[in-house]
Amino acid sequence: MTENTTMKLGISTTFAGMDFDKYSSKVSEFVSEFSSRANKKGQFLNWVNLPQEQLKRVDEIYSLAENLKSQTGAEKLSVLGIGGSKHTVEHMLSINGLNVNQDRILFYSDVDSASLERYLYRLGDVTKSNYMIASKSGSTFETKDGFLRIQKMLENEYQAKGYSNYEELASKHFIAVTDGNAEKSELRRTSIEKSWLGDLFIHDDVGGRFSAFDDHALFTLAYAGMKKSDMIAMLEAAQEVSTLSLSSNLNMNDALKQGIFWAHATLNNVSTSVHQYMGSIFENTVYWHAQMQNESVKNTLKQVAKVPDAMHHSAEAHFNPANKFAFALTTPKDSGVCSENAEAYIGALNMSYESMGAFFNESVEARGMGLTPEAAGAMTQLRAFATVYQEIVEKIMTGTSFPEVLDSVLQPHVEYYKKNLKGGVVVPGRISK
């Protein structure tokens, strides 16, 4: 068993059943491949140094959140976005112990009538919420459909109350997170034309699933009440992980170790792998990690789930000797009234999985109803690095040539379904008769 720690950031990772010596001679090559692409235009790896860039904008983001609240008097924020514009935000709220009642921040990302009714039921008065519209292009069908419906509802509500400037009043409830270039983004053009508040951006070369530190997430955290000092600590920890993850010293590079771990499983014909998260802190992390897995690794066989919910009914398959797999478990470091049972439970799981094959346990520092801000930042950035490292390790170990842009940061196959939505098949905001 080997242990690799980033203890000052609140994370400790212990590996078992894994011989890293087989990969030690290639560590510099793995890191060099990543480093040669990081933060280069067109490589979609600008998230590597995004935390340090966002540290410069913390005051601005908090000011925008307060200004949006003050100009409407609305305390709620509704996030309209899909994929990385939604799952990264849900993940960041949950691991930071915010919006636990799910009443301060609401989400709408659906297109059917029942889901819209359920969202409006939770929302209540549409004028009591502000709305963050998140879309890189500004033309994402699902997001635009929800935005147009809400915009019309707001205008109708203010008009019914006798306001002649109902369009202006409705516009005060919106803020856009999109491309900064109005020529590229329909949503940016709308924001300018409607005089929406401020400028929030989805940065260039930052894919949605890698955007947990982009404006849509940070703005929502600020709106939900995250202390500014905690946001700074979170971003600093994430940037420290970026530094460690580009180190050729494997003992310092948890992200590369995790990438090697998952690549090793694939290279040894382990068809099914499992990453489980323990506790409700990670309920939304599961959705984000599943998105990361499906869009980056493009492997539909990897299971990402929350325990204890998924533990009992999955154990029958996990502990069947006929099934070969690799397993990881992320757990909070518990110091509360449940700590003895929690530690014993985790110990039993560790012992069980260590006997079945390759395994690692990632323990993250908890505080109150979430993680410490340092652990939240570090774990999130680790996951992004490890995902990309998996591809790099697999290609180098098999002698496979690299594409111009890494497969793990692109998602060309998404266009297969998108093309079928075009040509007037779907009309955003259309009211059915």
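Which helix gives the largest share of the lining of the second largest cavity? That would be helix 15, with 3 residues. Keep in mind that this is a predicted model, and let's walk through its holes first and its sheet afterwards.

**Closed spaces**

Searching the whole structure turns up 3 cavities of 30 Å³ or more. The largest cavity comes in at about 90 Å³. Its lining is made of Gln258, Trp262, His275, His289, Met292, Gln293, Val297, Lys302, Arg383, Ala386, Thr387 and Gln390. Helix 11 (254–267), helix 12 (285–297) and helix 15 (373–398) are the elements that give two or more residues to that lining. Sorted by class, the lining of the largest cavity has 4 nonpolar, 6 polar and 2 charged residues.

Back to the cavity we opened with: the second largest has a volume of about 40 Å³. If you want to find it in the viewer, click on Trp47, Arg209, Phe210, Ala212, Phe213, Trp288, Thr380, Gln381 and Ala384, which line it. Here the classes split into 6 nonpolar, 2 polar and 1 charged.

**Open pockets**

Now for the pockets. The largest pocket has a volume of about 1,300 Å³. It is lined by 43 residues, and Lys136, Ser137, Thr140, Gln411 and Lys418 are the ones closest to its centre. The elements that each put two or more residues into this lining are helix 4 (84–95), helix 6 (141–160), helix 12 and helix 16 (415–418).

The second largest pocket, at about 1,100 Å³, has 41 lining residues, of which Ser94, Gln102, Ser280, Glu283 and Asn284 are closest to its centre. Several elements supply at least two residues each to the lining of the second largest pocket: helix 4, strand 4 (105–108), helix 5 (113–123), strand 10 (325–333), helix 14 (339–354) and strand 11 (359–367). Helix 4 gives the largest share, 5 residues.

Here are the four spaces by volume and lining class:

| Space | Volume | Lining residues by class |
|---|---|---|
| Largest cavity | about 90 Å³ | 4 nonpolar, 6 polar, 2 charged |
| Second largest cavity | about 40 Å³ | 6 nonpolar, 2 polar, 1 charged |
| Largest pocket | about 1,300 Å³ | 13 nonpolar, 16 polar, 14 charged |
| Second largest pocket | about 1,100 Å³ | 19 nonpolar, 13 polar, 9 charged |

**The sheet and its helices**

Strand 4, which helps line the second largest pocket, also belongs to a sheet. That open sheet has 5 strands in the order 4-3-5-6-7, with parallel pairing. Why do strand 4 and strand 7 (200–201) each have one side without a neighbour in the sheet? Both stand at the edges with a single partner strand, so one side of each is left free of a neighbour there.

For strand 4, the pairing is with strand 3 (residues 76–80): the two run parallel and are joined by 4 bridges. One bridge to look for pairs Leu77 with Ile105 of strand 4. Helix 4 packs on the sheet as well, touching strand 3, strand 4 and strand 5 (129–134). The direction of helix 4 makes about 155 degrees with that of strand 4.

Helix 8 (residues 186–193) also packs on the sheet, where it touches strand 5, strand 6 (174–178) and strand 7. Its direction makes about 150 degrees with that of strand 6. Strand 5 is thus touched by helix 4 and by helix 8.

Technical notes:
Residues numbered from 1 in each chain as written. Predicted model: local features only at pLDDT ≥ 70, side-chain atom pairs only at ≥ 80, totals over all residues. Heavy atoms only, no water. 1 Å grid on protein atoms, 1.4 Å probe; cavity = no way out; pocket = protein on both sides within 12 Å on 5 of 7 lines; lining within 4 Å. Points joined across faces, edges and corners; volume = space filled by probe spheres on them. Nonpolar A, V, L, I, M, F, W, Y, C, P; charged D, E, K, R; others polar. Pairing = 2+ DSSP bridges. Contact = heavy atoms within 4.5 Å. Axes fitted to C-alpha atoms, helices over the stretch in contact; angles between N-to-C directions.
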